[in-house]
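Here is a walk through one protein model, taken element by element. Keep the sequence and the structure in view while reading.

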Amino acid sequence: MILFSWHTFWPILSAVLYAMNMCIAIYASVAMILRRQDPVKTLSWTAVMILLPYLGVILYMTFGQNFRKRKMFSRKGLGDLKIRQELSADENEALLSSAEFLPLDMKPFRKLIHQNLRNSYSLVDFNRDIEFFYSGKNALDAMYQAIEGATHHVHLQTYILENDRIGNKFISLLMDKAKSGVEVRLMFDDVGSGKISKSLISQMRKSGMEVLVFSPVSFWMPMSKINYRNHRKILVVDGDKGFLGGVNIADRYYYGTSSGPWRDTQIKISGESVFSLQTSFLLDRYFVLNHRLSYNKKYYPTINIGRKQFPGGNMHFYTQIISSGPDSDWAGIMQCYFTAITSAQNRISIVSPYFSPNATILNAIKVAALGNIDVRLMIPEVADSLMAHYGTHSYITELLEAGVKVYLFKGGFNHSKVISVDGKLAIIGSANMDERSFEHNFEVMAVIYDGGCAANIERRFNQDLVCCTRVNLEEWRHRSLANKVKESFFRLLSPLI
């Protein structure tokens with residue numbers, strides 16, 4: 001008779017589990033090598049899986065996989081995308097065949113325009129007006145007013161929707177509009193808006209709203225999908241007014257926090273670019289429901305399908321809307337940042353609350369500064385998370401050594417994500433200058449080829465300098481050893497998550 005004994009069974013079980021962990025780690029490492037992923041990421045994940053048995057494998061399955069090439073989030077064949085593909089192909093052909101297709105002030109950005117057309121199907125649109133908002137309060141007031149005036153549909157997408165004063169104010173308005181007969185569709189990310197209860201969702205749906213929860217997290221959900229979140233902030237009203245930027249719907253965006261007011265940048269677009277915002281929203285809706293709305297002109301009143309050239313004049317706010325994420329073939333937003341930065345001739349102004357760029361963008365910024373371009377970077381003095389705070393600060397030394405002027409914003413929290421190049425090009429949207437926005441999140445941004453808009457961004461940047469401290473290289477080198485260690489640790493984690 002053989003008696004069961006933990007003394008003999010546990011070592012055997014432990015050895016078997018460890019062997020399984022090593023097999024999975026080796027298999028995952030080989031898979032990353034064969035997919036020709038970033039060598040730094042491959043080596044980092046291999047080390048994590050070997051040095052953190054079991055936990056490392058779980059972390060890799062959750063955060064380490066790249067679905068851009070594997071098409072887990074596929075949008076191929078969707079009608080809304082086909083329209084954009086056909087129109088972008090027409091514009092790309094017109095650009096190649098005629099030197100007169102572009103207005104004179106856009107010709108320096110010909111390369112960037114081609115690139116955005118090809119990697120993101122980002123149409124070059126003209127707009128009647130672009131209005132800027134430089135605080136969460138002003139942006140949310142304008143969005144609320146636009147929804148109040150809606151006559152046939154409201155499409156609202158946000159990463160964060162809180163069950164607080166501002167969140168409930170918007171929810172009440174949306175329910176009232178739905179009850180009055182307006183088509184109301186609300187989409188929010190399940191992780192970013194995790195405090196929205198099922199009972200509140202049910203209440204909204206009973207009012208006639210379509211409530212869309214992007215990629216719900218559950219016990220049965222594949223761990224690999226948890227890492228891919230929808231970070232876009234889009235509002236489309238009646239198909240001819242669109243908002244995008246960094247503003248979510250929560251009290252802190254409106255009232256600020258204990259550390260001060262909440263600075264952010266949001267724009268309202270009136271014109272053709274609303275078509276691109278609309279298609280982005282409806283494509284994301286398809287991912288949630290797995291079916292699409294039939295094409296209806298009321299959703300796309302701003303687009304001129306037959307237009308073969310741009311109208312004349314100087315006040316048309318030429319814009320490309322880029323939607324990027326694991327559903328797209330290319331890292332379109334990252335590539336746009338790279339080309340915009342490397343094309344600068346005089347000056348670059350960058351604001352990012354979470355600055356943890358990959359090697360491509362980091363080198364582009366440093367090379368621009370070394371090439372005597374006036375590069376200015378504004379980041380928070382104190383971020384809203386330890387990882388963001390120390391991870392962002394870990395880049396300061398090498399940026400300063402390259403000649404980048406680094407400013408720490410201390411007038412509250414600056415959540416803006418903007419770039420201005422040479423006073424001629426402005427980029428505004430939801431994407432931070434970090435690996436998560438480049439590779440993992442669904443993001444959207446506007447590239448505006450207009451000197452007035454770029455000057456507007458630079459003017460606000462200069463005003464915000466009053467609330468900043470410029471970092472001095474020698475003083476920065478003498479910061480505490482504890483901070484240097486924390487920066488190195490969180491810098492190590494940044495390529496992974």
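Helices and strands are DSSP runs, a helix having at least four residues and a strand at least two, and they are numbered from the N terminus. In this predicted model, helix H13 covers residues 359-370 and strand S10 covers 374-380, and Asn372 is found in the loop between them. The phi of Asn372 is near 75°, a positive value in a residue other than glycine. Most residues other than glycine have a negative phi. Is Asn372 buried or exposed? With a relative accessibility of 70%, Asn372 counts as exposed, because the cut-off for that word is over 50%.

Asp238 also has a positive phi, of about 60°, although it is not a glycine. Asp238 sits in the loop between strand S5 (234-237) and strand S6 (241-245). The relative accessible area of Asp238 is 8%, so this residue is buried, the limit being under 20%.

The next stop is a set of parallel strands. Strand S2 (residues 153-158) runs parallel to S3, and six bridges join the two. One such pairing links His153 with its bridge partner in S3, Glu183. Between S2 and S3 the chain passes through helix H7 (residues 165-179), and this β-α-β crossover is right-handed. S3 also pairs with strand S4 (residues 210-214), in the parallel sense and over five bridges. Here Met187 stands opposite Leu212 in S4. The way from S3 to S4 leads through helix H8 (residues 198-206), again as a β-α-β crossover that is right-handed. How many of the seven residues of strand S3 are buried? Six of them are, and S3 (residues 183-189) is thus mostly covered.

Further along the chain there is another sheet to follow. Eight strands form an open sheet with mixed pairing, in the order S8-S15-S14-S13-S9-S10-S11-S16. Strand S8 (318-324) and strand S16 (468-470) stand at the edges; each has a single partner strand, so one side of each is left without a neighbour in the sheet. On average, and with direction ignored, neighbouring strands of this sheet are turned by 15° against each other. At the S16 edge, strand S11 (residues 405-409) pairs with S16 in the antiparallel sense over three bridges. Phe409 has Cys468 in S16 as its bridge partner.

Helix H11 lies across S8 and strand S15 (443-449), and runs at about 10° to S8. H11 spans residues 273-289, and its 17 residues reach 25 Å from the first C-alpha to the last, close to the 24 Å expected at 1.5 Å a residue. Of these 17 residues, 13 are buried, and H11 is mostly covered. Asn290 follows H11 and has a positive phi, near 65°.

The last topic is the nonpolar interior. In soluble globular proteins, nonpolar side chains tend to be buried together. The largest nonpolar core of this model has 49 residues, and those with the most contacts inside it include Tyr337, Ile348, Val447 and Tyr449. Leaving aside neighbours within four places in sequence, Tyr449 is in contact with ten listed here in full: Met106, Phe109, Leu112, Ile113, Asn116, Tyr318, Thr319, Gln320, Lys424 and Leu425. Apart from this core lies another, of 45 residues, among them Leu186, Met209, Val213 and Tyr253.

Note on methods. Residues numbered from 1 in each chain as written. Predicted model: local features only at pLDDT ≥ 70, side-chain atom pairs only at ≥ 80, totals over all residues. Heavy atoms only, no water. Buried < 20%, exposed > 50% of the residue type's maximum accessible area, 1.4 Å probe, protein only. Pairing = 2+ DSSP bridges. Right-handed = clockwise from strand over helix to strand, strands pointing away. Expected span 1.5 Å × (residues − 1). Axes fitted to C-alpha atoms, helices over the stretch in contact; angles between N-to-C directions. Contact = heavy atoms within 4.5 Å. Core = buried A, V, L, I, M, F, W, Y, C linked by side-chain atoms within 4.5 Å.
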